[in-house]
Amino acid sequence: MSLFTIILLLLVLVLCIALYFQMKGAKEQSEEGQQLLNDYQKRVNEMEKLLSDYRALEQNFDNVGKGYEQALLAFDKIEEDKQANERARQALENQNNELLASKNKLEQAVMKKKDLIEQAAASIMKAIDFAMPGAQKTAQLVTTIQNLNDVEVETAIERDDNVLASEIAAQAVRMTGIDKADYLTFNNRISEDAQNLMLFTNQAQVARALANLLDNAMKFTASGSVTLLTSTDGSNVEFSVEDTGSGVAADEAENIFKPFQKLNSFFDGNGIGLTVARSIARRLNGDVKLDTDYTGGARFVLTLPL
């Protein structure tokens with residue numbers, strides 16, 4: 001082989017090797033370019049996503065802003081309503097205070113009138129001479145006025161009298177004139193243990209309560225008898241009024257003490273005598289009850305502490 005041929009072969013080999021490395025470099029550059037292109041596209045996609053998220057956030061912000069404005073408007077409305085309600089409440093409170101003040105003034109005026117009526121009635125009662133004809137009628141009229149004046153009073157009654165129980169019974173008898181009634185027999189009895197019994201109470205009020213019980217017995221006893229028994233029961237004194245009249249059914253034992261309750265409309269009266277009798281007794285820490293076990297008429301018992 002000639003030298004020229006060898007040189008030519010070496011030259012071709014070098015060219016082949018150079019071409020190989022050139023093609024290899026070109027391929028690597030192409031791959032790097034493609035990778036760069038892929039990375040660029042990825043960044044573009046990420047940017048588009050970020051832009052989309054930003055627009056969504058912007059829209060949400062706008063919505064929140066609108067909601068905030070609506071919330072502010074609603075809050076302002078609530079505050080206005082609150083202030084309006086407060087003004088209305090204040091007006092009602094002022095009106096209520098004015099009504100209470102008027103009510104108190106009215107109650108004071110009524111109580112003052114009641115006191116004046118009671119004082120006038122008590123003065124008339126003290127001035128009555130029961131020995132004179134018609135005295136009992138006057139006393140009964142005064143008692144009716146006192147009853148009407150006292151029907152709904154609940155205040156305690158002052159106890160400032162130390163009096164014989166028998167004297168209270170005698171005073172109630174004088175007030176009603178029951179011992180002079182010609183259509184019935186009246187018995188005024190005092191048990192042995194109550195003969196000299198002293199009672200610390202309000203004499204006029206107890207006598208009025210007992211007179212109401214006697215007056216009730218007179219109305220419902222067309223004939224027969226009425227008995228007033230004064231006795232003791234432990235630390236109490238009892239004034240029992242028994243009659244042989246029409247009696248009271250057991251299921252009416254409490255109804256008869258309600259104001260303006262009348263079991264029989266044919267009899268005179270306004271239906272408050274028993275109510276006032278019980279009211280007076282209770283305001284003196286006592287009571288008035290119907291004995292539902294009693295037969296042959298009615299039996300009312302007025303009990304008071306000694």
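This is a short talk on how one protein chain is put together, from its overall layout down to a few single residues.

Hi everyone, and thanks for coming. Please keep in mind that the model we are looking at is predicted.

Let's start with the overall picture. How many helices and strands does the protein chain have? There are 5 helices and 7 strands. If you walk along from the N terminus, you meet them in the order α-α-β-α-β-β-α-β-β-α-β-β. The protein chain has 306 residues, and 30% of them are buried. Its exposed surface comes to about 20200 Å², with 57% of that supplied by carbon and sulfur atoms. And here is a number about the fold: taking contacts in the protein chain with a separation of 6 or more, 73% are between residues 24 or more positions apart.

Now let's look at helix 1, which covers residues 3–127. One of its residues is L15. Is L15 buried or exposed? L15 counts as exposed, because its relative accessibility is 53% and the cut-off for exposed is over 50%. L15 also has company: together with F4, L8 and L11, L15 makes a nonpolar surface patch of about 450 Å².

Next stop, strand 5, which spans residues 236–243. Here 6 of the 8 residues are buried, so the strand is largely enclosed by the rest of the structure. Which strands does it pair with? One partner is strand 4, residues 225–233, joined to strand 5 in the antiparallel sense over 8 bridges. In that pairing, L229 faces S240 of strand 5. Strands 4 and 5 form a hairpin with 2 residues between them, and in the turn you can find G234, with a positive phi of about 70°.

Another partner is strand 7, residues 298–305; strands 5 and 7 also run antiparallel, with 8 bridges joining them. If you would like a spot to look for, D243 stands opposite A298 of strand 7.

While we are in strand 5, let me point out N236, which lies in this strand. N236 is partly exposed, because its relative accessible area is 24%, and partly exposed means between the 20% and 50% cut-offs. In sequence, N236 and L304 are 68 residues apart, yet their C-alpha atoms are 5.5 Å apart in space. Leaving out residues up to four places away in sequence, N236 touches S231, T303, L304, P305 and L306.

Finally, let's visit helix 5, made of residues 273–283. How many of its residues are buried? The count is 10 of 11, which leaves the helix mostly covered. Among the buried ones are G273, L274, V276 and I280.

R278 belongs to helix 5 as well. Is R278 buried or exposed? R278 is buried, because its relative accessible area is 8% and buried means under 20%. Setting aside residues up to four places away in sequence, R278 touches E254, F257, D287, V288 and K289. Just after the helix comes N285, which takes a positive phi of about 65°.

So, to recap three residues from our tour: L15 is exposed, N236 is partly exposed, and R278 is buried. Try finding each of them in the structure yourself. Thank you for listening!

Notes:
Residues numbered from 1 in each chain as written. Predicted model: local features only at pLDDT ≥ 70, side-chain atom pairs only at ≥ 80, totals over all residues. Heavy atoms only, no water. Helix = DSSP H or I, 4+ residues; strand = E, 2+ residues; numbered from the N terminus. Buried < 20%, exposed > 50% of the residue type's maximum accessible area, 1.4 Å probe, protein only. Contact = heavy atoms within 4.5 Å. Areas by Shrake-Rupley, 256 points an atom, 1.4 Å probe, with all protein chains shown as cover. Pairing = 2+ DSSP bridges. Patch = residues over 30% accessible without salt bridge, like charges linked within 9 Å, V, L, I, M, F, W, Y side chains within 5 Å. Salt bridge = Lys/Arg side-chain N within 4 Å of Asp/Glu carboxyl O.
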